[in-house]
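Visitor: I should like a close look at one residue of this model and at the parts of the chain that surround it. Please begin with its exposure and then build outwards.

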Amino acid sequence: MKKLAIAALVLILIAGGAVFYVWNGLQPVRSSETPVGFTVESGMSTSSIADLLEEKGLIKNALILKGYLKLSGEGSRLMAGTYEATPGTPFQELLSKMNNGEVKPEEMVRFTIPEGYTILQMAETIARESGIDEKEFLEVVDQPSGWNVPIAEEIPAEANLRHHLEGYLFPATYELPKKDLTAKGIAETMLKETEKRLAEIPDWESQLEARGVTFHELMTIASLVEREVVADQERALVAGVIYNRLDEDMRLEIDATVQYLLDKPKERLLYADLEVESPYNTYRQKGLPPGPISSPSLESIQAALNPEKSDYLFYVTKKDGTQEHLFAKTYKEHLKNIEASKKMAQQ
C-alpha cells in the first residue's frame, strides 16, 4: 500500500512538473523595447515558424509552441509576411499578428515638390529626404532615353535643354517605399504622375491639337505661366499675353527665363543679367526658350491650353503686395503702368 502511495506521488510530481514545464514554456521572454523583425515565408510550416520565433528570441520554447499549434489548429491560419514584435509579447499576440496578417509597415520616403520648382531644387529636396545623391539624380534626369513613360518621348532629342526632364516631373507630395528606391525610379514615378494628372483634363489632346502647339511647347508655356503668376485668376490671361507676343514675333522678355540660368535666383535682375548669352534668355532670343523652366501645376497647364483672349501685350507686377499685374495693350500704356506700380511701392 505504501509503495502504491509513493508511485502515485511520483506520478503526480511528474505530471505537475510537465504542466509547469509547458506553462513556463508558453510564458513571454524577458521584455525589451527593441523591436525584432521576422519573416514568414509563403508555404512555411508551423514547425519552422516556431523555430524561427525561438531563434529570434520572441518565445522560450519552440517545441511547446509546436505542440500548442498542433492541438489548437491555429497553425493553419498563419499568414506569410514580414512582421515586427518586441520581446515580451505574449505568444497569443504573436499568433494573432500572423493570423490577421498584421505585417510590419513598409518604411517609406516622403517628400514634397512645390509647384514651380526646377530640377535643381527637386534634386536638393529629394537628396535631403531620401538620401539619394543629388548629383546622381541630376545625371539621371539628364538622360535623353531609356524612359518607359510615353510623355518623355515628346521631349525633342535635339533641343538645347539645360536639363532633359525639366518641366515633366509633376510637383506633388510623394510617398515611396524606401526599399530599392533609386533616382531613376523616383523620376519615372514623377513622370507617370504628370501623365496621370494630364488625364484629369477632359479631352486635353484634342485641345492641344486645336491650339496648334506641340506638347513640349505647351509645357514650356505652362512653366512660364507658373513662374510669372501668383494670383490664380491671372494664369489664363498671362498665358494669352505670351501667345499674343509670340504671334506678333515679339521677344517674350520674361525675367523668369533669365532667373532660370542663375544658380541662385536674385531678388532683382540687373541689366547685365539680361544680356547673358543663352537660348533661354527671352530678352535676347525671340520665341520660346528650348524647354520648360520649372514644373508647372495642372492649373498652369490648363491655362496654356485655354488662354484668355485679350489684346494685351504687356504686364507688370503691382507693387502693392497683391502680386497681381497691370496689363497693357501698347508700350506707351505699359510705361504708365510701370510708373503706377512704382507709386504703389511708395504708398
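Guide: At a relative accessibility of 32%, Arg-284 counts as partly exposed, because this value lies between the limits of 20% for buried and 50% for exposed residues. The model is a predicted one, and the description that follows should be read accordingly. Arg-284 belongs to the loop that runs between helix H11 (255–259) and H12. Its side chain forms a polar contact of 2.6 Å with the side chain of Glu-277. Glu-277 is also one of the residues that Arg-284 touches once neighbours within four places in sequence are set aside; the others are Arg-251, Leu-274, Glu-275 and Val-276. As for a longer span, Arg-284 and Ala-199 are 85 residues apart along the chain, and their C-alpha atoms are separated by 36 Å.

The loop of Arg-284 leads to H12, which deserves attention next. Of the 8 residues of H12, 6 are buried, so this helix is largely enclosed by the rest of the structure. The buried residues are Leu-298, Ser-300, Ile-301, Ala-303, Ala-304 and Leu-305. They pack against helix H7 (183–198), helix H8 (204–211), H9 and H10.

The packing against H10 can be described in detail. Two packed helices are described by the angle between their axes and the distance between the axes. For helix H10 (residues 235–247) and helix H12 (residues 298–305), the axes come within 8 Å and cross at roughly 45 degrees. The two helices are therefore oblique to each other, since this angle falls between the limit of 35 degrees for roughly parallel axes and the lower limit of 65 degrees for roughly perpendicular ones. The crossing of H10 and H12 is right-handed. On the H10 side, the contact is made by Arg-235, Ala-236, Ala-239 and Tyr-243, and on the H12 side by Glu-299, Ser-300, Ala-303 and Ala-304. By class, the residues of this contact are 5 nonpolar, 1 polar and 2 charged. An α-helix has 3.6 residues a turn, so residues three or four places apart point the same way. Ser-300, Ala-303 and Ala-304, which take part in the contact with H10, are also listed among the buried residues of H12.

H9 is another helix against which the buried residues of H12 pack. His-216 lies in helix H9 (residues 215–228) and is buried, because its relative accessible area of 6% is under the limit of 20%. The side chain of His-216 reaches the backbone oxygen of Pro-290 at a distance of 2.8 Å. Beyond its neighbours within four places in sequence, His-216 is in contact with Pro-290, Gly-291 and Pro-292, and also with Glu-154, Ile-155, Pro-156, Leu-161 and Tyr-168.

A second histidine allows a comparison. His-163 is found in the loop between helix H6 (134–141) and strand S4 (173–177), and it is buried as well, with a relative accessible area of 9%. The side chain of His-163 makes a polar contact with the side chain of Asp-142 at 3.0 Å, whereas the partner atom of the His-216 side chain is the backbone oxygen of Pro-290. Apart from neighbours within four places in sequence, His-163 touches Ile-119, Leu-120, Leu-138, Asp-142 and Tyr-260.

H7 and H8, which also receive the buried residues of H12, are joined by a loop that contains Asp-203. Asp-203 has a positive phi, near 55 degrees, although this residue is not a glycine. At 54% relative accessibility, Asp-203 counts as exposed. The loop between S4 and H7 holds Asp-180, whose phi is also positive, at about 65 degrees, in a residue that is not a glycine. Asp-180 is exposed, with a relative accessible area of 65%.

For a further helix pair, one may turn to H2 and H3. The axes of helix H2 (residues 46–55) and helix H3 (residues 62–72) come within 9 Å and cross at roughly 145 degrees, with a right-handed crossing. H2 contributes Thr-46, Ser-47, Ala-50, Asp-51, Leu-53 and Glu-54 to the contact, while H3 contributes Ala-62, Leu-65, Lys-66 and Leu-69. These residues divide into 5 nonpolar, 2 polar and 3 charged.

Definitions and conventions. Residues are numbered from 1 along each chain as its sequence is written. This is a predicted model: local features need pLDDT of at least 70, side-chain atom pairs count only at pLDDT 80 or more; totals for chains, interfaces and linings use all residues. Side-chain values use heavy atoms; hydrogens and water are left out. Helices (H or I, at least four residues) and strands (E, at least two) are DSSP runs, numbered from the N terminus. Buried means under 20% relative accessible area, exposed over 50%, partly exposed in between (1.4 Å probe, protein chains only). A polar contact is a pair of N or O atoms within 3.5 Å; within protein, one must be able to donate a hydrogen and the other to accept it, and residues adjacent in sequence count only if both atoms are side-chain atoms. Contact means heavy atoms within 4.5 Å. Axes are lines fitted to C-alpha atoms, for helices over the stretch in contact, and angles run from 0 to 180 degrees between N-to-C directions. Angles under 35 degrees count as roughly parallel, over 145 as roughly antiparallel, 65 to 115 as roughly perpendicular and the rest as oblique. A crossing is left-handed if the near helix is turned anticlockwise from the far one by less than a right angle, and right-handed if clockwise. Ala, Val, Leu, Ile, Met, Phe, Trp, Tyr, Cys and Pro count as nonpolar, Asp, Glu, Lys and Arg as charged, and the others, Gly among them, as polar.
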